[in-house]
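Visitor: I am new to this structure and would like a close look at a single part of it. Could you take me through its pockets, and then to a residue that touches the lining of one of them?

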Amino acid sequence: MERILIFGAGGFGREVQWLIERINQKEPTWQIEGYLDDGVEPQTEINGYKVLGGMDKLKEYDSTMAVVVAVGSANIREKIVAEIKKIGEFKFPNLVDPDVHMSEFVSMGDGNIICAGNILTVNICLGDFVIINLSSTVGHDAVLESFVTVYPGVNISGNVRIGRRSEIGTGSKIIQGVAIGKNTVIGAGAAVVRNIPSDCVAMGIPAKPAKLPGGGYKKLLIVGSSGHGRVIKDLASRIDYYQSIWFGDDDLKLRGSSAVIGTSEDVFRYKDEYDVFVAIGNKDIRRRLQEAYEAAGVFMVSLIHPEAVIPDEIPQIGAGTVVMAGAAIQTGVMLGKGVIVNTSASIDHDCQIGDYVHIAVGAHLAGNVKVGNGAWIGAGAVISNDVSICENVTVGAGAAVVKDIVESGTYVGVPARKV
C-alpha cells in the first residue's frame, strides 16, 4: 500500500478520507498518513487520523509520498498545489470512488477527485486537480480544465467547456455546447443556457453575470458606507458569493462601527484578500480612488443586480461599474469604468457610456446614445436616440434631451436647455 497525505482537514477533507477508505474496501491501495492543514492545531484528531502539521511538514517526506489536495476553492487549491511543488516532487494520484460510472474514454491529468454517484460518459477530458463532487453527470466530449470544482448534483451536457479555476454550484445545469470562461462561479441552482464570460459570478434561470470582473476573492471591501454603500452591500449579498462584506470609510465617526474596518487608504493593505468596490457618488472622488487602486493592483469588481435585465450577449462593462435592480440594458451597450446605472434606468441598443457616468433612477436612454466621461443623467431624464452628450454634463431630473450637447454645463427642461 502506498502512503498518502490529505491536505485540508475541513469537511471536504473528511469526505476524501471516506473516499480513500471506500477505495481500500474494494482493493487495499492507500495507507493514510494523516492530515496537513495550516489552520488546524497539530495533533488534532479527525475521524481517527491526526493533523500532522501544515505545509512545512511536507519537507520531512520524499517523492514516494502521495498527496491529495482536498480543498474545494479552486483558487486556493491552485495556490496550495504550487506551494507543494516548490517543496518537492510528490505524487498526485487521481482518486475515483468505486461507485463512479465512467467509460474508458475519459482522459485526465493528475490530482483529480471524483466522488461517489457521478456518471461520466465518453470522450471527456479532465485537466489537473479537478474536483467532481457527489452525484453529478458529465456528458460526452465535455472539457473541464485544470482546478475546476463541480459541486454536488450538477448536470453538465455534452460538448461543454469549463475554463480553468471555475466553480459550478450545487444543483446547477449546463446545456449542451456552452462555454464557461476561466475564474467564473456558477451559482447554486443556476441554468446555464448561453456562454458565460471569464472572471464573473453568474446566477439565476437563465444564468446571467452578477459580478464582473474581480480577483475572485470571497471577501468584498466597499469604500464608502453611506446610503449608496449600503445599497451596494445589499446587492453584493444577493449574489450569494461573498463570505463576508466590509466597509472602508474616511469618516472617523464611523470607525467604531463593526462593519467599518479601515479608511480608503487601508484598501492597499487588503488588496490580496478582497475584491474592492468604490461606492461614492461624487465622480471626482470615485475616479481618484479607483485610479489609485487600479495602479496598485487592487481588483476592482463590477456588480449587476440579479433583478437587472441584460441581453444574452453580455454588455461590455468596465471595472467598478454597478447595474442596480430593475435596470434594463439592451444589446451592443458599452459601459465604461466606475459607471452607476441606477434603479429602473434603461439603456437601449448600441449606447456608449463613458467612465464615471451616473445614470440616475428611472432615466431612459434611447438607441445609439453617446455619453461622455463624468456626465450625470438625472432621475427620470429622457435622452432621444442618436444624441451625443459631451463630458462633465449634468442633465436635470425630468429633462428631455433631443439634440447633441457639445458644451459642459447643466441642462434642464423639455426640451433641455443650458442654465
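**The pockets and a buried alanine**

Guide: Since this is a predicted model, the description that follows is of computed features. The lining of the largest pocket draws its largest share, five residues, from helix H2, which covers residues 74–87. That pocket has a volume of about 640 Å³, and among the 29 residues that line it, Ser-73, Asn-75, Ile-76, Gly-216 and Tyr-217 lie nearest its centre. Sorted by class, its lining holds ten nonpolar, ten polar and nine charged residues.

The second largest pocket has a volume of about 160 Å³, and its lining includes Tyr-151, Glu-167, Ile-168, Val-185, Ile-186, Gly-187 and Asp-240. Two elements, strand S18 (167–168) and strand S21 (185–186), give two or more residues each to that lining, which divides by class into six nonpolar, three polar and three charged residues.

From here one can turn to Ala-202, which lies in strand S23, residues 201–203. Leaving aside residues up to four places away in sequence, Ala-202 touches Val-185, Ile-186 and Gly-187, three residues that are also named in the lining of the second largest pocket. Its other contacts on that count are Ile-196, Ala-207, Lys-208, Pro-209 and Ala-210. Ala-202 counts as buried because its relative accessibility is 0%, and the cut-off for that word is under 20%. Finally, Ala-202 and Ala-190 stand twelve residues apart in sequence, with 7.9 Å between their C-alpha atoms in space.

Terms used. Residues are numbered from 1 along each chain as its sequence is written. This is a predicted model: local features need pLDDT of at least 70, side-chain atom pairs count only at pLDDT 80 or more; totals for chains, interfaces and linings use all residues. Side-chain values use heavy atoms; hydrogens and water are left out. On a 1 Å grid over the protein atoms alone, a cavity is a set of points where a 1.4 Å probe fits but cannot get out, and a pocket is an open set with protein on both sides within 12 Å along at least five of seven lines; lining residues have an atom within 4 Å of a point. Grid points are joined across faces, edges and corners, and a volume is the space filled by probe spheres set on the points. Helices (H or I, at least four residues) and strands (E, at least two) are DSSP runs, numbered from the N terminus. Ala, Val, Leu, Ile, Met, Phe, Trp, Tyr, Cys and Pro count as nonpolar, Asp, Glu, Lys and Arg as charged, and the others, Gly among them, as polar. Buried means under 20% relative accessible area, exposed over 50%, partly exposed in between (1.4 Å probe, protein chains only). Contact means heavy atoms within 4.5 Å.
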